[in-house]
Amino acid sequence: MYQILLVEDNADDVELTLRAFRKSDFVSTVTVARDGVEALDFLLANGGPADRNGDGLPDLVLLDIKLPRVDGLQVLERLRANPRTKLVPIVVLTSSIEPKDLLTCYALGANSYVRKPIDFQQFSKALQQIGSYWLETNQAPPPPG
Amino acid sequence: MWFYDRTTSAIIDVNDAALAHYGMEREAFLRTPAGELGAADASPRADGGVFQAVSQPCDLGGRALVLVTLHDVTALREAESALARAEDEQRRQTTEFEERVRERTVQLHSAIGELEAFSYSVSHDLRAPLRSIAGFSQALIEDAGPSLSADARDDIARIVAAAGRMDHLINDLLTLSMVTRAEMTRESVDVSELANRIVAELADVSPTRPVVTTVASGMVARGDPRLVRVALENLLTNSWKFTSRRERACIEVGQIDSDSASPTFFVRDNGVGFDPVFADKLFGPFQRLHDASDFPGTGIGLATVRRIVLRHGGRVWAESRPGQGACFYFTLQ
């Protein structure tokens with residue numbers, strides 16, 4: 001089963017994302033981190049729940065930019081600076097289309113940048129595409145170490 | 001004038017004008033050593049006159065003398081001090097001006113910063129609740145659809161549609177803010193190619209609509225390619241939209257005064273047009289001249305076009321009659 005870490009502070013967005021994944025055609029377990037600190041604790045300190053690759057890392061991280069405490073850009077920077085997490089596929093999932101945010105995310109090593117559509121059908125479709133591409137089509141990097 | 005012996009400093013003779021200048025009797029003057037008189041020459045007299053003593057060595061029958069002549073330089077000194085005062089004033093004004101420019105620049109930067117923060121939070125914070133509104137309304141249809149009445153489903157569809165319109169509005173406002181803030185370049189822009197590409201994109205979106213488009217070839221402008229594209233996109237999208245009721249929709253992109261350094265470009269259509277009374281209202285944000293149910297839109301497109309044209313130092317205007325199409329002109333100089 002695929003492991004996804006969803007880093008999202010907005011409870012409604014969490015609910016809509018989980019809903020979209022429930023309807024998707026790949027099977028996944030979604031862990032939710034409510035802010036940047038929780039995300040970093042999960043990825044850097046804690047190995048997390050039973051994981052497929054035995055490396056303690058999720059197969060995909062969906063990262064919002066605007067987060068309480070430690071924001072998404074800082075999370076991205078910290079993850080890319082750490083040898084353990086520097087290759088984990090990270091898709092930025094945000095409301096922002098500020099050119100500055102796009103540039104910063106790609107410069108910090110995000111694998112993809114997706115703006116959340118307002119329409120739920122489109123939102124579901126976007127998540128379905130992200131999941132099927134990053135979990136099924138894409139060849140993941142070999143586990144670290 | 002007066003003169004003295006260079007070796008002994010003894011004054012030999014003096015004229016009346018010099019005596020009057022120093023305010024001394026002849027006898028007393030002749031007894032004064034020449035060295036003590038020098039200091040008096042630069043300082044102004046009681047009557048405000050300024051004199052300058054000029055010493056010239058000369059030779060009289062083998063005796064080395066110095067001839068001292070007194071020159072009235074009052075006017076010269078006054079002119080010099082007036083000049084100095086004027087220069088001081090100019091320096092002060094320049095400093096003050098530079099200071100003001102610095103202050104304004106700081107204010108401007110802070111205004112731009114606020115604008116950026118504002119559009120950032122518009123793009124992020126306003127869209128989040130909108131997604132909840134649209135998302136959970138659609139979820140409601142999915143979860144409870146069969147048990148809902150047709151009216152209830154219609155109500156929910158209206159909520160979803162309204163959220164979609166508001167999303168458009170936010171995106172259009174963000175574009176308007178982007179064209180205001182974006183750094184501008186001036187490059188050669190192939191307007192013909194750009195117009196052809198936009199027309200092809202519009203045709204892709206609604207392939208069943210037969211629209212006859214004519215784009216003049218060889219049109220070139222100097223401007224920011226991204227901004228010019230946004231402007232043309234808005235004008236062509238409008239033409240596309242407002243010709244939707246025509247059986248034979250025609251859209252033409254061309255230029256007049258093509259020989260001039262700043263050609264005027266135009267986008268003309270045979271759509272519904274508008275009442276020329278409102279021609280100057282068209283370009284204000286949120287101005288709509290048509291019912292939203294007839295022709296949907298946010299009323300921000302032409303405001304965006306005008307902002308782009310103004311940033312290029314150009315002009316935009318429109319001509320129309322109701323029912324007889326519209327023609328939008330713009331320059332980019």
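Which residues have the most contacts inside the largest nonpolar core? Select A195(B), A231(B), L232(B) and L236(B): these have the most contacts inside that core, which has 42 residues. The model is a predicted one.

**Stop 1: the largest core, chain B**

Keep those four residues displayed and add the elements around them. The helices that each supply at least two residues of this core are α5 (150–181), α6 (191–205), α7 (225–242) and α8 (301–311) of chain B. The strands that do so are β8 (249–256), β9 (264–269), β10 (316–320) and β11 (326–330) of chain B. Colour α7(B) separately, since α7(B) gives the most to this core, with nine residues. Then colour by domain: the core draws at least three residues from each of domain 2 (94–179) and domain 3 (185–330) of chain B. As background, nonpolar side chains in soluble globular proteins tend to be buried together.

Next, centre on L236(B). Leaving aside residues up to four places away in sequence, L236(B) touches A195(B), I198(B), V199(B), L202(B), I251(B) and V267(B).

A second core, separate from this one, has 39 residues. To find it, select L79(A), V91(A), I118(A) and V160(B), which are among its members.

**Stop 2: V309(B)**

Move to helix α8 of chain B and pick V309(B). Is V309(B) buried or exposed? V309(B) counts as buried, because it has 23 C-beta neighbours inside 10 Å, where 20 or more are required.

Show what surrounds V309(B). Not counting residues up to four places away in sequence, V309(B) touches A231(B), G314(B), R315(B), V316(B), F330(B) and L332(B). A231(B) also appeared at the opening, as one of the residues with the most contacts inside the largest core. For a distance label, use the C-alpha atoms of V309(B) and V228(B): the separation is 8.3 Å, although the two residues are 81 apart along the chain.

**Stop 3: chain B as a whole**

Zoom out and show chain B as a cartoon. Its secondary structure comes to eight helices and 11 strands. Of the 333 residues in chain B, 25% are buried. Among contacts in chain B between residues at least 6 apart in sequence, 61% join residues at least 24 apart.

**Stop 4: the four-stranded sheet of chain B**

Select the strands β2, β1, β4 and β3 of chain B. In that order they form an open sheet with antiparallel pairing. The edges are held by β2 (11–14) and β3 (51–60) of chain B; each has a single partner strand, so one side of each is left without a neighbour in the sheet. On average, neighbouring strands of this sheet are turned by 20° against each other, direction ignored.

Look along β3(B) and β4 (63–72) of chain B, which pair in the antiparallel sense over 10 bridges. Which residue of β4(B) stands opposite F51(B)? That residue is D72(B).

Then follow the loop between β1 (2–5) and β2 of chain B to S9(B). Phi of S9(B) is near 65°, a positive value in a residue other than glycine. Most residues other than glycine have a negative phi. S9(B) counts as partly exposed, because it has 14 C-beta neighbours inside 10 Å.

**Stop 5: the five-stranded sheet of chain A**

Switch to chain A. Here five strands make an open sheet in the order β2-β1-β3-β4-β5, with parallel pairing. The edge strands are β2 (28–33) and β5 (112–115) of chain A, each pairing on one side only. From one strand to the next, the twist averages 20°.

Within this sheet, select β3 (60–63) and β4 (90–94) of chain A: the two run parallel and are joined by three bridges. Opposite V61(A) stands I90(A) in β4(A).

From β3(A), go on to R69(A), in the loop between β3 and α3 (72–81) of chain A. R69(A) has a positive phi, near 60°, and is a residue other than glycine. R69(A) counts as partly exposed, because 13 C-beta neighbours lie inside 10 Å.

**Stop 6: where the chains meet**

Finally, display both chains. How many residues of chain A are in contact with chain B? There are 16 of them, in contact with 15 residues of chain B. On the chain A side, the elements giving two or more residues are α1 (11–22) and α5 (120–137) of chain A. α1(A) gives the most, with four residues. Coloured by class, this side of chain A has five nonpolar, four polar and seven charged residues.

How values were computed: Residues are numbered from 1 along each chain as its sequence is written. Chains are lettered from A and ligands numbered from 1 in the order in which they are written. This is a predicted model: local features need pLDDT of at least 70, side-chain atom pairs count only at pLDDT 80 or more; totals for chains, interfaces and linings use all residues. Two residues are in contact if their C-beta atoms, placed from the backbone, lie within 7 Å. Ala, Val, Leu, Ile, Met, Phe, Trp, Tyr, Cys and Pro count as nonpolar, Asp, Glu, Lys and Arg as charged, and the others, Gly among them, as polar. Two strands pair if DSSP finds at least two bridges between them. Axes are lines fitted to C-alpha atoms, for helices over the stretch in contact, and angles run from 0 to 180 degrees between N-to-C directions. A nonpolar core is a set of buried Ala, Val, Leu, Ile, Met, Phe, Trp, Tyr and Cys residues joined through C-beta atoms within 7 Å. A residue is buried if 20 or more other C-beta atoms lie within 10 Å of its own, exposed if 12 or fewer, and partly exposed in between; C-beta atoms are placed from the backbone. Domain bounds come from an automatic or database domain assignment.
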